[in-house]
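Walk through this structure with the sequence at hand. Take one stop at a time.

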Amino acid sequence: MTKFLKKSEIKSNWVEIDAKNAVVGRLATIITKILRGKNKNTFSPHVDHGDFVIVKNVEKIKFTGSKYQDKKYYKHTGYPGGIKEITPENLSKKNKPEDILKLAVKRMLPGGVLSKNQLKKLKIYSGDVHPHSAQNPQLIDISKMNSKNIIRN
């Protein structure tokens, strides 16, 4: 028999991830699993019981191959001929490296209201300092999960 959790039984934890030299796509899949709650044995696709995720050092994130210059993010303004494109390199130059990871995670979440609420649990910061130290986040070392998660220089 499947047990469904009630809203009062759901407990969200805090997780901290250091994104230094991390590969964007692999990091985004790890974050998405934690945000959705797929790392817990009580996972239900229609319930938000994922954890809060803090990502630090996002300005040191890496792409494999030449994706840093070649990958393009598209958006449309809604007007005829209003398609806009930007590369991760240009996003970094605009001092928005947080948007690179946020776009990757957002596009891995299923669409709908539930994913918008799950995306609010993602906190992305440049540098080592973040204001969530009072929550005592559990540190996850993604390099120990798989050696391909980190680019070695």
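Start at His-49. Its contacts, leaving aside neighbours within four places in sequence, are Ile-10, Gly-37, Lys-40, Thr-42, Phe-43 and Ser-44. Contact here means heavy atoms within 4.5 Å. His-49 sits in the loop between H1 and E2. Helices (H or I, at least four residues) and strands (E, at least two) are DSSP runs, numbered from the N terminus. His-49 is buried, at a relative accessible area of 2%. Buried means under 20% relative accessible area, exposed over 50%, and partly exposed in between (1.4 Å probe, protein chains only). A polar atom of the His-49 side chain lies 3.2 Å from the backbone nitrogen of Ser-44.

A word on the model itself. It is predicted, so local features need pLDDT of at least 70 and side-chain atom pairs count only at pLDDT 80 or more, while totals for chains, interfaces and linings use all residues. Residues are numbered from 1 along each chain as its sequence is written, and side-chain values use heavy atoms, with hydrogens and water left out.

Now follow the chain into strand E2. E2 covers residues 52-56, and 4 of its 5 residues are buried, so the strand is largely enclosed by the rest of the structure. What lies beside it? Strand E1 (residues 14-18) runs parallel to E2, and 5 bridges join them. Trp-14 has Phe-52 as its bridge partner in E2. The chain gets from E1 to E2 through helix H1 (residues 24-36), in a right-handed β-α-β crossover. Right-handed means that, with the strands pointing away from the viewer, the path from the first strand over the helix to the second runs clockwise. Val-15 is also bridged to E2, with Val-53 as its partner.

E2 has a parallel partner in strand E5 (residues 122-124) too, joined by 3 bridges. There Val-53 stands opposite Leu-122. Strands pair in a sheet through backbone hydrogen bonds, either parallel or antiparallel.

Put the strands together. An open sheet of 4 strands appears, in the order E5-E2-E1-E6, with parallel pairing. Two strands count as paired if DSSP finds at least two bridges between them. E5 and strand E6 (138-140) are the edge strands, each pairing on one side only. On average, neighbouring strands of this sheet are turned by 25 degrees against each other, direction ignored.

Helix H1 lies across E1, E2, E5 and E6, and runs at about 175 degrees to E1. Such angles run from 0 to 180 degrees between N-to-C directions; the axes are lines fitted to C-alpha atoms, for helices over the stretch in contact. Ile-34 belongs to H1. Is Ile-34 buried or exposed? Its relative accessibility is 4%, so Ile-34 counts as buried. Beyond its neighbours within four places in sequence, Ile-34 is in contact with Val-15, Ile-17, Asn-39, Gly-50, Asp-51, Val-53 and Ile-140.

Ile-34 also gives a reference point for helix H4. The C-alpha atoms of Ile-34 and Ala-104 are separated by 14 Å, with these positions 70 residues apart along the chain. Ala-104 is one of the buried residues of H4 (residues 97-108), with Pro-97, Ile-100, Leu-101 and Val-105. These residues cover an arc of only 120 degrees around the axis, which puts them on the same side of H4. The arc is that of the directions from the helix axis to the C-beta atoms. An α-helix has 3.6 residues a turn, so residues three or four places apart point the same way. Covering the buried residues of H4 are elements including H1, E2, strand E3 (73-76), helix H3 (88-93), helix H5 (113-119) and E5.

Next comes the loop between H5 and E5, where Lys-121 is found. Lys-121 counts as buried, at 9% relative accessibility. Its side chain makes a polar contact with the side chain of Ser-12, at 3.4 Å. A polar contact is a pair of N or O atoms within 3.5 Å; within protein, one must be able to donate a hydrogen and the other to accept it, and residues adjacent in sequence count only if both atoms are side-chain atoms.

Finish with two asparagines. Most residues other than glycine have a negative phi. Asn-95, in the loop between H3 and H4, has a positive phi near 60 degrees. Asn-95 is exposed, at 65%. Asn-136 has a positive phi of about 50 degrees, and lies in the loop between E5 and E6. Asn-136 is exposed as well, with a relative accessible area of 64%.
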